[in-house]
Amino acid sequence: MKTLLKSAPVQSALAWGLALYVRLTLRTQLWRVTGAGHFAEVARSGEAVIAAFWHETLPVMPILWRVAKQQGIGPTVVLASKHRDGQMIGNIMVHLGLGLVSGSSSKGGAASFRALTRLLKSGTNVAITPDGPRGPRRVAAPGVAQLAGLARVRVIPCGAFASRAITLKSWDSMRLTLPFGRAHLVIGAPIALGEGGWQAALPAIEAAITAAQNEAAR
């Protein structure tokens, strides 16, 4: 059974089924969106942007792509670990309308980093979970700030929370969204790297993502 579950056809079918569940579940939520104008401002500027949020919010965060598209934001790619679980999440995101770049800080990191930089410079947006794929929870790894510095783009901190969800016993305490609840998406103000470079910006990015998440949960 375990071998069967690891097979490519089964993994593909699971990703499709889970993407369908996420799509249908999000449609049943009563949504409130705060800060959509920040995406509109970025769209008017013609710049690409990095949307950053904590790994625990992945099941509810696909609403972000819909709001971004409504505000004029163009194509977006997501970074997913090359590990089987990471690829499953990445393939779910593909079914939800995002592009996929495979890699992580430990495996394929340099190549994926270069690919993301090229995409941002060409106008493609990037969605990233700075504490993924293994944590620590709500601690931003340097990559998000380094990427923003290399590509010379801003970071938009985001948070989302659904009232009805099951909290998983995972490193990130991920919440699996259930149907027919209330949900809140928070889009923070874009963060630009200052003269201090990525090292100075990283704590501000981390704090802003947590602030957006806490606001969404209130």
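## A turn after helix α4

Just after helix α4, the residue G72 adopts a positive phi of about 95 degrees. The structure described here is a predicted model, and the helix that comes before this glycine, α4, spans residues 63-70. Within α4, the residues I63, L64, W65, V67 and A68 are buried.

## The sheet

Where do the strands of this model come together? Seven of them form an open sheet with mixed pairing, and their order across the sheet is β1-β9-β6-β2-β5-β3-β4. The strands β1 (30-34) and β4 (99-102) stand at the edges, and because each has a single partner strand, one side of each is left without a neighbour in the sheet. From one strand to the next, the twist averages 25 degrees.

One pairing inside this sheet can be followed in detail, namely that of β6 (154-162) with strand β9, which covers residues 182-187. These two strands run in the antiparallel sense and are paired over five bridges. Among the residues involved, A160 has L185 in β9 as its bridge partner.

Helix α5 lies across two strands, β3 (76-80) and β4, and its direction makes an angle of about 160 degrees with β4.

## Two helix pairs

Two packed helices are described by the angle between their axes and the distance between the axes. For helix α2 (residues 8-27) and helix α5 (residues 84-95), the angle is about 50 degrees and the axes are 8 Å apart, which makes α2 oblique to α5. The crossing of α2 and α5 is right-handed. On the α2 side the contact is made by Q11, S12, L14, A15, W16, L18, A19 and R23, while α5 contributes R84, M88, N91, I92 and H95. Sorted by character, the residues of the contact between α2 and α5 comprise seven nonpolar, four polar and two charged.

The second pair consists of helix α7 (residues 143-151) and helix α8 (residues 197-217), whose axes come within 9 Å and cross at roughly 125 degrees. Helices α7 and α8 are therefore oblique to each other, and their crossing is right-handed. The contact involves V144, A145 and Q146 of α7 together with W198, L202 and I205 of α8. Of the residues in the contact of α7 with α8, five are nonpolar, one is polar and none is charged.

## The loop between β5 and α7

The loop that runs between β5 (125-128) and α7 holds P133, and the peptide bond from G132 to P133 is cis, with omega near 0 degrees. P136 also lies in the loop between β5 and α7, and a cis peptide bond joins G135 and P136, with omega at about 10 degrees.

R138 belongs to the loop between β5 and α7 as well, and although R138 is not a glycine, its phi is positive, at about 55 degrees. Is R138 buried, partly exposed or exposed? With a relative accessible area of 22%, R138 is partly exposed, since the term buried is kept for values under 20%.

## Two exposed loop residues

F180 is found in the loop between β8 (175-177) and β9, and its phi is near 65 degrees, a positive value in a residue other than glycine. Because its relative accessibility is 65%, F180 counts as exposed.

R152 sits in the loop between α7 and β6, and its relative accessible area of 79% makes R152 exposed. The C-alpha atoms of R152 and T117 are separated by 9.1 Å, while the two residues are 35 residues apart along the chain.

Methods. Residues are numbered from 1 along each chain as its sequence is written. This is a predicted model: local features need pLDDT of at least 70, side-chain atom pairs count only at pLDDT 80 or more; totals for chains, interfaces and linings use all residues. Side-chain values use heavy atoms; hydrogens and water are left out. Axes are lines fitted to C-alpha atoms, for helices over the stretch in contact, and angles run from 0 to 180 degrees between N-to-C directions. Helices (H or I, at least four residues) and strands (E, at least two) are DSSP runs, numbered from the N terminus. Angles under 35 degrees count as roughly parallel, over 145 as roughly antiparallel, 65 to 115 as roughly perpendicular and the rest as oblique. A crossing is left-handed if the near helix is turned anticlockwise from the far one by less than a right angle, and right-handed if clockwise. Contact means heavy atoms within 4.5 Å. Ala, Val, Leu, Ile, Met, Phe, Trp, Tyr, Cys and Pro count as nonpolar, Asp, Glu, Lys and Arg as charged, and the others, Gly among them, as polar. Buried means under 20% relative accessible area, exposed over 50%, partly exposed in between (1.4 Å probe, protein chains only). Two strands pair if DSSP finds at least two bridges between them.
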